[in-house]
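Colleague: Got a minute to walk me through this one? I'd like to start with the helices.

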Amino acid sequence: MTKLDKPVFNRLALIGAGLIGGSIARAARAQGAAASIVATARSAASRKRIAELGFADQVLESNAAAVEGADIVIVCIPVGACGPVAEEIGPHLMKGAIVSDVGSVKGSVLKDMAPHLPDHVHFIPAHPVAGTENSGPDSGFAELFVNRWCILTPPPNADQAAVDKLRAFWTAIGANVETMSAEHHDLVLGITSHLPHLIAYTIVGTAEELSNVTRSEVLKFSAGGFRDFTRIAASDPTMWRDVFLANKDAVLEMLGRFNEDLSSLTRAMRSGDGQALYDHFARTRAIRRGIVEIGQDSAVPDFGRTHPSLPAEPLPRPYAADTE
């Protein structure tokens, strides 16, 4: 990416500076997408750490103070807290400012935030489909959004110039940008993100509760599949609690379809229908190939995990007395 000759925004206010907020700040600074950056955090320890890391020009305790004079405000907190924060910052927003967010549920964000925002600002919810299982100010990095999608869900009466400006900002920090309705977003993310997380939390919880398998065995013999589920299940519990409550209708619909498909596979196993199992696995394998082909993941072996080298000296052969 090439650094911009002129910033997209003059003052970027980030309400919350964990993984997503911290990555936005780092990327905006690296690309020159914002002339100045101010961040907030709830805890004094987080504010101290943000100041030490230096990815914001100012670190404030007050959300209201942070948004004053900002022409772009991005709320980077769990979706369940967005409504109260919108009520807090609403009276302090500059005329013409763009207010956005990064939550993975959009219908509830529109419903909870819009009533508290003045008519003289542009409210354009957004969702960068990027992240890791880590959280906190230290977890962010400037490259997080490169070639990842950011979905904008402007309300029907949104100002197109404001939408285009927000699109330019996300493009500047590396993202591909798509626009859709909040309702459609929540349905799509219900199957691509929310249901997989629900399944991961369930599988890891089931393994932990098994009485005939010790905890040490679950950890020691975790194969690739279970290991990947534990990575997903390590995500921020507060964030995902809010996601499932806020998008419960779409997730419950997807969960119903999943249960129907699981029942079909169960019948195939019980009846010994190997062809049905093979056809299902072959069809779903193509989805993984498609994700790699469009550049949303890498095809490197073992998902790019590092492996220890073989020992410099060969291991001794097991002794077998009766082989001579």
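Modeller: Sure. Keep in mind that this is a predicted model. Helix 7, residues 182-209, bends by about 55 degrees at Gly-190.

Colleague: Is Gly-190 itself buried or exposed?

Modeller: Gly-190 is buried. Other buried residues in helix 7 include Ala-182, His-185, Asp-186, Leu-189, Ser-193 and His-194. Further along, Leu-195, His-197, Ala-200 and Ala-207 are buried too.

Colleague: Why would helix residues three or four places apart point the same way?

Modeller: An α-helix has 3.6 residues a turn, so residues at that spacing point the same way.

Colleague: OK, sheets. What is the order of the open sheet with 3 strands?

Modeller: The order is 7-8-9, with mixed pairing. Strand 7 and strand 9 (176-179) are at the edges. Each has a single partner strand, so one side of each lacks a neighbour in the sheet.

Colleague: How many degrees does the twist average from one strand to the next?

Modeller: The average is 20 degrees.

Colleague: And how do strand 8 and strand 9 run, parallel or antiparallel?

Modeller: Parallel, with 4 bridges joining strand 8 to strand 9. Ile-151 stands opposite Glu-178, which is in strand 9.

Colleague: Which helix packs on the sheet?

Modeller: Helix 6 does. It touches strand 7, strand 8 and strand 9. The direction of helix 6 makes about 165 degrees with that of strand 8.

Colleague: Switching to aromatics. How many aromatic pairs are there?

Modeller: The structure has 4 aromatic pairs. One of them is Phe-145 with Trp-170, edge-to-face. Their ring centres are 5.2 Å apart, with 85 degrees between the planes.

Colleague: What does the pair of Phe-145 and Trp-170 tie together?

Modeller: Phe-145 is in the loop between strand 7 (126-129) and strand 8 (149-152), while Trp-170 is in helix 6 (residues 160-172), so the pair ties together parts 25 residues apart in sequence. Phe-145 is buried, at 1% relative accessibility. Trp-170 is buried as well, at 0%.

Colleague: What other ring does Trp-170 pair with?

Modeller: Phe-169. That pair is edge-to-face, 6.0 Å centre to centre and 80 degrees between the planes. Phe-169 is buried, like Trp-170.

Colleague: Which residues do the ring pairs link into a cluster?

Modeller: The cluster holds Phe-9, Phe-145, Phe-169 and Trp-170.

Colleague: Now cysteines. How many disulfides turn up in a search of the whole structure?

Modeller: The search finds 0. Take Cys-76, which is in no disulfide. Its nearest cysteine sulfur belongs to Cys-82, 9.2 Å away. A disulfide would need the sulfurs within 2.5 Å.

Colleague: Cys-76, buried or exposed?

Modeller: Buried, because its relative accessibility is 13% and the cut-off for buried is under 20%. Cys-150 is buried too, with a relative accessible area of 1%.

Colleague: Last one. Where is Arg-26?

Modeller: Arg-26 is in helix 1, residues 19-31. Its relative accessible area is 18%, so Arg-26 counts as buried.

Colleague: What does Arg-26 touch, leaving out residues up to four places away in sequence?

Modeller: On that count, Arg-26 touches Leu-53, Phe-55, Pro-137, Asp-138, Gly-140, Phe-141 and Ala-142.

Colleague: And how far apart are Arg-26 and Glu-143 in space?

Modeller: They are 8.6 Å apart, C-alpha to C-alpha. In sequence, Arg-26 and Glu-143 are 117 residues apart.

Terms used: Residues are numbered from 1 along each chain as its sequence is written. This is a predicted model: local features need pLDDT of at least 70, side-chain atom pairs count only at pLDDT 80 or more; totals for chains, interfaces and linings use all residues. Side-chain values use heavy atoms; hydrogens and water are left out. Rings of Phe, Tyr and Trp (its six-membered ring) pair if their centres lie within 6.5 Å; planes under 30 degrees apart count as stacked, over 60 as edge-to-face and the rest as tilted. Helices (H or I, at least four residues) and strands (E, at least two) are DSSP runs, numbered from the N terminus. Buried means under 20% relative accessible area, exposed over 50%, partly exposed in between (1.4 Å probe, protein chains only). Two strands pair if DSSP finds at least two bridges between them. Axes are lines fitted to C-alpha atoms, for helices over the stretch in contact, and angles run from 0 to 180 degrees between N-to-C directions. Contact means heavy atoms within 4.5 Å. The bend at a residue is the angle between axes fitted to the seven residues ending there and the seven starting there.
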